[in-house]
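Please open the model in your viewer and keep the selection panel at hand, since each stop below begins with something to pick.

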Amino acid sequence: VSVPSAPAARLDRPAPREGIETAFLAPEVVLLDSTDGRVHHLNPGASAVWMLIDGEQDADGIAEELADLFDRPLRDMVGEVDAAVEDFAARGLLAGSRAAVPVTRTGAVIARPPDP
Amino acid sequence: MVEVAVSRTDAEPEEPDVEEVGPFAADGNRFVLRSAQSGLLSVLADRLRDLRLTDVVGDEAGDGPPRSGERTVFRIARRGPTWLDHPWGVWRDGERCETTVTDDYIVPYVLWEVTRLVLERAAPRIPVHAAAVVRDGRALILVGASHSGKSTLSAWLTRAGWGFLSDEVALLDLDADEAVVHPFRRPVGVRRHGPLDEVIDLPGHEAEVLVPASELGSLAPPTPLAAIVCPTYVPGAEGPPVALAPAAALATLAPQLPDLATERAAEVFHRVAALVERVPAYTVRVDDLDVAELALRRLLDDVPASAIDLSDGVPR
């Protein structure tokens, strides 16, 4: 069985993948992958990065904006943004990315009771 | 050697002397049960008595006014030779559900099919895998995975004077100005040798007995939601409920939202996200059920009534 390789995520100008729903509940973001029902709860730092991901700006641009916003050294912010974007791609949250671990769509959470 | 061949089909059997019990209503979905096995029908009619339309006085028939004139028929048949240990089959409106159910499992299985009916037809309400109870006209939902103790806690609270809405599925109506929890009055699954076994007489011998909530206390009507509570059983634990930030509340609730696996996923996700911004959520560690009851009573006293007003800015 040959498995097609996942297309590379566009990490230069990252954008949310279609089907990813964003709920911003300050200061954090919760994401729903509506294709498999999985939910991702981002910490405040990753949430700030996610809210600036729009397919227009590259990672350096996001880092500059956040460095200004939080009054942090740019070089620190670049590393954090790169790490966050790579993590988003690994989770399959970015356009062109696919989750590193294949998942099936979440089933009903209310399971049948076990047959004794 | 004698070989015995058992031939069974999945088709709904034609039998003489089929009896019917009902009608029942689960979240307004009318249904009846049919079988030639009158003993089983009697047991089911007794365990599902809180869903009987004719047993409830007033405008809350069953657990809600009928959604339509449509009526679902569950057919239950025992098939095969007497020694067969998986003899029961269940059909819903002629469609096969399951045909290899054991004697001990048939009653919980029928209840599961009723639950499935409610989940499938819940829209526009949002079903949450949660128990729900009421005190002083305000509802708490007790959110948790299977076997997290929410049935036991909701049953204990009902015995302590809280109103019962559900032990398994809370149905949220977010279309009104305030979130309202609608009932699904399933019988409560009470485990033998559990805390409730010490205070009520459990019939039969099954490890888990389905007890109509009306045997434990009072049934509550649809009630505004005051708070979301996520109980976890921790032996020896004590302490007050701990507030959850809205994002943490949404992340905790999400795995208990069956509709996130359906076409309604995006809509439900955003509506529940708006809900957790308005309605407070808490975790509470539960061991002694009387201590938990007191903690939840105090929590409800402390939640301001304004917390449940959804009239400002909730997407419709």
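Contact here means heavy atoms within 4.5 Å, and the coordinates to which this is applied belong to a predicted model.

**Stop one: the interface.** Begin by selecting the residues of each chain that touch the other: the contact takes 24 residues from chain A and 32 residues from chain B. The area buried between chain A and chain B comes to about 2,300 Å², with carbon and sulfur atoms giving 69% of that area. If you search this interface for charged pairs, the count of salt bridges between chain A and chain B is zero, while the rule for polar contacts finds one residue pair across the interface, both at pLDDT 80 or more.

Now restrict the view to the chain A side, where strand 1 (20-25), strand 2 (28-33) and strand 3 (38-42) each supply at least two residues of the side that touches chain B. Strand 1 of chain A gives the most to that side, with five residues. Coloured by class, the side of chain A that touches chain B shows 13 nonpolar, six polar and five charged residues.

**Stop two: a histidine in chain A.** Select A:H40, which is found in strand 3 of chain A. Is A:H40 buried or exposed? Its relative accessibility is 7%, and because buried means under 20%, A:H40 counts as buried. Display the side chains next, and you will find that of A:H40 in polar contact with the side chain of A:R91, at 3.2 Å. Leaving aside residues up to four places away in sequence, A:H40 touches A:V29, A:V30, A:L31, A:R91 and A:L93.

**Stop three: the nonpolar cores.** Which members of the largest nonpolar core touch the most other members? In this core of 38 residues they are B:I141, B:V181, B:L225, B:I228 and B:L250. Both chains take part, since strand 1 and strand 2 of chain A each supply at least two residues of this core, as do strand 6 (126-135), strand 7 (138-143), strand 9 (169-173), strand 13 (223-233), helix 4 (246-253) and helix 5 (265-278) of chain B. Helix 5 of chain B provides the largest share, seven residues.

Centre the view on B:I228, which, again not counting residues up to four places away in sequence, touches B:I141, B:V143, B:L253, B:L275, B:V276, B:V279, B:P280, B:A281 and B:Y282. To finish, move to a second, separate core of 33 residues, which includes B:L33, B:L171, B:F184 and B:L210.

Conventions
Residues are numbered from 1 along each chain as its sequence is written. Chains are lettered from A and ligands numbered from 1 in the order in which they are written. This is a predicted model: local features need pLDDT of at least 70, side-chain atom pairs count only at pLDDT 80 or more; totals for chains, interfaces and linings use all residues. Side-chain values use heavy atoms; hydrogens and water are left out. Buried area is the accessible area (1.4 Å probe) that two parts lose on being put together, summed over both. A salt bridge is a side-chain nitrogen of Lys or Arg within 4 Å of a carboxyl oxygen of Asp or Glu. A polar contact is a pair of N or O atoms within 3.5 Å; within protein, one must be able to donate a hydrogen and the other to accept it, and residues adjacent in sequence count only if both atoms are side-chain atoms. Helices (H or I, at least four residues) and strands (E, at least two) are DSSP runs, numbered from the N terminus. Ala, Val, Leu, Ile, Met, Phe, Trp, Tyr, Cys and Pro count as nonpolar, Asp, Glu, Lys and Arg as charged, and the others, Gly among them, as polar. Buried means under 20% relative accessible area, exposed over 50%, partly exposed in between (1.4 Å probe, protein chains only). A nonpolar core is a set of buried Ala, Val, Leu, Ile, Met, Phe, Trp, Tyr and Cys residues joined through side-chain atoms within 4.5 Å.
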